[in-house]
Amino acid sequence: MLVEAGHTVPAGATDGLSTFVYYRGRVALYGLLRGLGIGRGDEVATQAFTCVAVPEGILASGATPVWVDIERDGFDIDADDLARRLTPATKAVVVQHTFGIPAALDPILEVARGHNIPVIEDCCHALASRSNGVPVGTFGVGAFYSFEWGKPIVAGVGGAAVVNDAALRDRVKADYGRFREPPAARVLRTQVQYAAFCALFRPSLYWQVRTAFHILSVLGAAEGNYNPLGAQAAPDFGWRMGAPLQRRLTRQLPTLDRRSDHSRRMAAIYRSGVTSPAFRHPVPPEGSDPVYARYPLLTDRKAEVLAAARKARVELADWYSTPIHPLEPEEWRSVGYEPGSCPNAESVAGRVVSLPTHLNTRPGDAERAAAFLNRFSA
Ligand SMILES: *Cc1c(COP(=O)(O)O)cnc(C)c1O
């Protein structure tokens with residue numbers, strides 16, 4: 001796992017280390033897929049109820065995503081559905097630990113082993129979660145991480161891959177030389193954005209910051225979350241993590257324990273404090289110890305609850321609001337997603353809201369959010 005293995009993030013890939021840093025999490029996924037020799041004609045299985053960054057990474061490699069449904073009223077991949085969707089062309093499966101909730105790894109690993117396909121863990125929400133006492137990110141051949149807005153550690157725009165398999169590490173390392181420093185203008189823009197994030201990111205300003213960020217990224221003045229999907233992969237896929245971000249990340253990683261403790265405290269407030277039957281609490285798999293990136297709830301009154309939260313200035317996120325966030329139904333086929341093919345993912349996207357666990361959430365904010373939600377009846 002990223003921190004425990006004692007890798008402070010290396011400046012590039014150094015001998016003996018298995019952490020490789022990239023421009024974004026999706027580029028780290030791409031680096032892992034390339035290391036596995038995956039490309040045109042291959043398929044990569046991945047769950048619906050994700051963000052478009054994941055298919056971006058898969059498509060950049062030349063492979064096509066195979067969409068797998070999540071568990072009913074859950075957030076992570078369903079092992080039985082995975083078994084049904086695999087084909088002889090499927091060369092890897094991405095297992096996402098959504099919101100920090102570990103996927104049900106035993107049955108998933110069994111299916112993957114049975115088909116002899118490697119598992120890549122998407123740990124973008126899960127830096128410190130454990131499954132049967134073992135950190136997530138260590139179960140597959142490799143894992144990838146993201147350090148942008150909304151992730152457990154925010155360092156700007158950046159990602160990392162951690163490789164657990166020696167042969168794969170050699171191949172990822174050999175390929176790493178093709179990734180260049182990002183252009184100075186992009187690094188500068190990220191730095192400015194990071195400063196703004198630090199100054200403004202707190203529950204009481206959530207809705208204003210969200211709107212401002214959306215407007216700025218539409219105008220191209222901010223580094224948006226998503227690239228246009230086209231025949232040509234975005235230039236991001238040629239870049240590693242910029243040097244200033246690597247330095248910041250190295251400083252931030254030691255704060256992970258403090259962040260995780262805080263997340264646990266906030267989650268405990270939500271778990272006991274949200275008592276309205278209008279909300280369904282998450283049910284992590286047995287033996288798992290989630291550190292929530294955000295605390296998700298399911299409700300049949302999603303739109304109404306979000307509108308009221310905005311008015312009351314309660315931080316409440318809507319993602320993922322579609323099975324491949326933020327794509328609208330008419331765009332789903334552009335990433336190979338057939339509408340209706342993952343009913344659980346579509347249903348959960350229509351019902352999920354999530355509460356903050358980050359360090360700027362004070363216990364009072366969490367209690368206020370719980371009291372706010374309790375005003376809704378089933
Ligand atoms: C954020 C995120 C990514 C991609 O991260 P980027 O750094 O934006 O490329 C991938 N998967 C999940 C689940 C994420 O939340």
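Helices here are DSSP runs of H or I with at least four residues, strands are DSSP runs of E with at least two, and both are numbered from the N terminus. Everything in these close-ups comes from a predicted model.

**View 1. The residues around the ligand.**
Start with the ligand, which has 16 residues surrounding it. G25, R26, D122, H125 and K151 are the closest of these. Sorted by class, the shell is a mix of six nonpolar, five polar and five charged residues.

**View 2. Side chains that reach oxygen atoms of the ligand.**
Which distances separate the side chains of R26, S146 and Y320 from ligand oxygens? For R26, an N or O atom of the side chain sits 2.7 Å from an oxygen atom of the ligand. S146 has a polar side-chain atom 2.8 Å from a ligand oxygen, and for Y320 the distance from a polar side-chain atom to a ligand oxygen is 3.4 Å. On its own, the ligand has 380 Å² of accessible area, and the protein covers 98% of that. Helix 1, helix 2 (53-60) and strand 9 (142-146) are the elements that each give two or more residues to the shell.

**View 3. Helix 1 crossing helix 5.**
Two packed helices are described by the angle between their axes and the distance between the axes. Here, helix 1 (residues 25-35) and helix 5 (residues 166-176) have axes that come within 8 Å and cross at roughly 115 degrees. The crossing is right-handed. On the helix 1 side, look for G31, L32, R34 and G35; their partners on helix 5 are L168, R171, V172 and D175. That contact breaks down into three nonpolar, two polar and three charged residues.

**View 4. Helix 6 beside helix 8.**
At what angle do the axes of helix 6 (residues 184-200) and helix 8 (residues 243-252) cross? Roughly 35 degrees, with the axes coming within 10 Å. Helix 6 brings V187, T190, Q191 and Y194 to the meeting, and helix 8 brings P244, L245, R248 and Q252. Four of the contact residues are nonpolar, three are polar and one is charged.

**View 5. Two cis peptide bonds.**
Most peptide bonds are trans, but this view shows a couple that aren't. The bond from W319 to Y320 is cis, with omega near 0 degrees. Y320 belongs to the loop between helix 10 (302-312) and strand 13 (324-325), and has already appeared in View 2 as a residue with a polar side-chain atom 3.4 Å from a ligand oxygen. The bond from H325 to P326 is also cis, again with omega near 0 degrees. You'll find P326 in the loop between strand 13 and helix 11 (343-349).

**View 6. A positive phi at D73.**
Most residues other than glycine have a negative phi. D73 isn't a glycine, yet its phi is positive, near 55 degrees. The loop that holds D73 runs between strand 4 (64-68) and helix 3 (79-85).

Note on methods. Residues numbered from 1 in each chain as written. Predicted model: local features only at pLDDT ≥ 70, side-chain atom pairs only at ≥ 80, totals over all residues. Heavy atoms only, no water. Axes fitted to C-alpha atoms, helices over the stretch in contact; angles between N-to-C directions. Left-handed = near helix turned anticlockwise from the far one by under 90°. Contact = heavy atoms within 4.5 Å. Nonpolar A, V, L, I, M, F, W, Y, C, P; charged D, E, K, R; others polar. Near = heavy atom within 4 Å. Polar contact = N/O pair within 3.5 Å; in protein donor to acceptor, adjacent residues only side chain to side chain. Areas by Shrake-Rupley, 256 points an atom, 1.4 Å probe, with all protein chains shown as cover.
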